Amino acid sequence: MAKCSVCGKGLVFGRTVSHSNRKVNRTFKPNIRRVKAVVNGTPKTVYVCSRCLRSGKIDRAN
């Protein structure tokens, strides 16, 4: 469940390159948080990245 339900940010693949130019595959994971948000007027648990939380793209439920 490594995907933001607001912006769709998810897992990205890349490579780690060392000083000696050895390359190793790696993954970049988004900072996903499980929060209670108001969706269509009802509180619901959604998975949201920290950037969407910080920018206020969702309404948090109390």
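Author: Let's start with a cut-off: a disulfide is a pair of cysteine sulfur atoms within 2.5 Å. Keep in mind that this is a predicted model.

Reader: Fine. How many disulfides does the structure hold?

Author: The general idea first: a disulfide is a covalent bond between the sulfur atoms of two cysteines. Here the structure holds 0 disulfides. Cysteine 49 is in no disulfide, and the nearest cysteine sulfur, that of cysteine 52, sits 3.5 Å away.

Reader: Why is the sulfur of cysteine 52 not bonded to the one in cysteine 49?

Author: Because the gap to the closest cysteine sulfur, in cysteine 49, is 3.5 Å, which is too far for a bond; the cut-off is 2.5 Å.

Reader: And is cysteine 49 buried or exposed? What about cysteine 52, buried or exposed?

Author: To read burial, take under 20% relative accessible area as buried, over 50% as exposed, and partly exposed in between. Cysteine 49 has a relative accessible area of 2%, so it counts as buried. Cysteine 52 is buried too, with a value of 2%.

Reader: Let's try that on isoleucine 32. Where does it lie, and is it buried or exposed?

Author: Look in strand E3, residues 32-39. Isoleucine 32 has a relative accessible area of 18%, so it is buried. For a sense of distance, isoleucine 32 and valine 46 are 14 residues apart in sequence and 9.8 Å apart in space, C-alpha to C-alpha.

Reader: What are the sequence and space separations for serine 55 and serine 18?

Author: That pair is 37 residues apart in sequence and 34 Å apart in space, again C-alpha to C-alpha. Serine 55 is found in helix H1, residues 50-55, and is partly exposed, at 46% relative accessible area.

Reader: On to the backbone. What is phi of asparagine 21 near?

Author: It's near 70°, a positive value in a residue other than glycine. You'll find asparagine 21 in the loop between E1 and strand E2 (23-28). With a relative accessible area of 48%, asparagine 21 is partly exposed.

Reader: And what is phi of asparagine 40 near?

Author: Near 55°, a positive value, and asparagine 40 is likewise a residue other than glycine. Its place is in the loop between E3 and strand E4 (42-49). Asparagine 40 is exposed, with a relative accessible area of 78%.

Reader: Last one, charge. Which residues gather in a patch of positive charge on the surface?

Author: When you read such a patch, Lys and Arg count as positive. In this structure the patch is made by Lys9, Arg51, Arg54 and Lys57. One of them, lysine 9, lies in the segment before strand E1 (12-17).

Reader: How does lysine 9 qualify on accessible area?

Author: Patch residues need over 30% relative accessible area. Lysine 9 has 36%, which makes it partly exposed.

Terms used. Residues numbered from 1 in each chain as written. Predicted model: local features only at pLDDT ≥ 70, side-chain atom pairs only at ≥ 80, totals over all residues. Heavy atoms only, no water. Patch = residues over 30% accessible without salt bridge, like charges linked within 9 Å, V, L, I, M, F, W, Y side chains within 5 Å. Areas by Shrake-Rupley, 256 points an atom, 1.4 Å probe, with all protein chains shown as cover. Salt bridge = Lys/Arg side-chain N within 4 Å of Asp/Glu carboxyl O. Charge placed at Lys NZ, Arg CZ, Asp CG, Glu CD. Helix = DSSP H or I, 4+ residues; strand = E, 2+ residues; numbered from the N terminus. Buried < 20%, exposed > 50% of the residue type's maximum accessible area, 1.4 Å probe, protein only.
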